[in-house]
Amino acid sequence: MQLIDPVDKTADRDLSLIQELGLKLVYALNTHVHADHVTGTGLIKRKAPYVKSIISRASNAKADLLVEPGDKISIGDLYLEVRPTPGHTSGCVTYVTGDGPDQPQPRMAFTGDALLIRGCGRTDFQGGNSSLLYKSVHSQIFTLPKETLVYPAHDYKGFTVSTVEEEMQYNPRLTKDEETFNNIMENLKLAYPKMMDVAVPANLVCGLQDLKAAEDFITTLQRYPTLSEMDLDEAIT
Ligand SMILES: N[C@@H](CCC(=O)N[C@@H](CSS)C(=O)NCC(=O)O)C(=O)O
Ligand SMILES: [Fe+2]
């Protein structure tokens with residue numbers, strides 16, 4: 001089995017449940033470099049070293065496996081397809097369960113923060129770009145079968161699942177034309193996530209998986225106190 005976007009605070013809970021169910025965790029996948037929490041991937045790998053971490057190559061983060069658009073991540077007879085959905089961050093991907101008679105139906109799309117339920121990820125940091133996000137969602141998610149279940153990384157109202165059809169019909173941002181969407185995104189005026197300066201450096205090494213790399217990032221962070229407003233790649237070169 002695999003975990004998508006595990007969180008550090010629930011790593012023990014998740015591992016206990018997996019053990020209770022008699023399952024074997026194979027992959028811990030991240031949809032992107034999260035800004036609001038530290039991924040559970042590093043803690044999971046310390047307790048279960050056989051688990052492989054996965055993130056997109058485009059994220060510029062470290063992991064055991066760096067996936068690219070179109071890759072298929074196999075788990076037994078099943079697979080997850082990697083769809084590029086940049087715009088919230090430059091390396092965001094959506095993992096979609098495979099097509100075909102042996103694959104679970106309806107398909108499931110794990111959209112990270114690209115597509116949220118009746119919302120979408122912000123586009124004001126980490127390589128965010130609202131035009132790109134609009135195109136990503138329309139070309140990579142809204143083209144999936146309409147009954148596809150949408151599982152986002154967050155919901156701030158307690159919902160857990162939607163469908164492609166529901167979001168195509170009711171999403172208050174993504175049903176608009178691109179110009180209106182860009183305008184909405186430019187005027188969100190959201191506060192920076194509280195954990196951002198801790199979470200981004202930790203998540204660039206998949207949750208402190210590589211302690212030396214984590215220390216390097218923290219040193220970089222101290223040298224650049226306004227790192228959250230800068231392009232991280234620029235800061236560390
Ligand atoms: N208040 C929260 C962070 C809220 C936030 O910025 N959420 C992100 C997803 S996590 S990177 C987002 O894209 N929100 C979109 C929206 O419309 O709310 C905290 O401090 O952690
Ligand atoms: Fe995010």
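Q: Helices (H or I, at least four residues) and strands (E, at least two) are DSSP runs, numbered from the N terminus. What makes strands S5 and S6 a pair?

A: Pairing needs at least two bridges found by DSSP. S5 (residues 72-75) and S6 (residues 78-84) have four, in the antiparallel sense, so they qualify. One of the partnerships joins Ile 73 to Leu 80 in S6. Two residues separate the strands of this hairpin, where Gly 76 has a positive phi near 60°.

Q: How do you know which model and numbering this is?

A: The model is predicted: local features need pLDDT of at least 70, side-chain atom pairs count only at pLDDT 80 or more, and totals for chains, interfaces and linings use all residues. Residues count from 1 along each chain as its sequence is written, while chains are lettered from A and ligands numbered from 1 in the order written.

Q: Why is helix H1 said to lie largely in the open?

A: A buried residue has 20 or more other C-beta atoms, placed from the backbone, within 10 Å of its own. Of the 10 residues of H1 (residues 11-20), one is buried, so H1 lies largely in the open. Just after H1 comes Gly 22, with a positive phi of about 70°.

Q: What makes Leu 115 a residue with many contacts in the largest nonpolar core?

A: Such a core joins buried Ala, Val, Leu, Ile, Met, Phe, Trp, Tyr and Cys residues through C-beta atoms within 7 Å. The largest has 46 residues, and Leu 115 is among those with the most contacts inside it, as are Ala 61, Tyr 95, Cys 120 and Val 137.

Technical notes
Buried ≥ 20, exposed ≤ 12 C-beta atoms within 10 Å, placed from the backbone.
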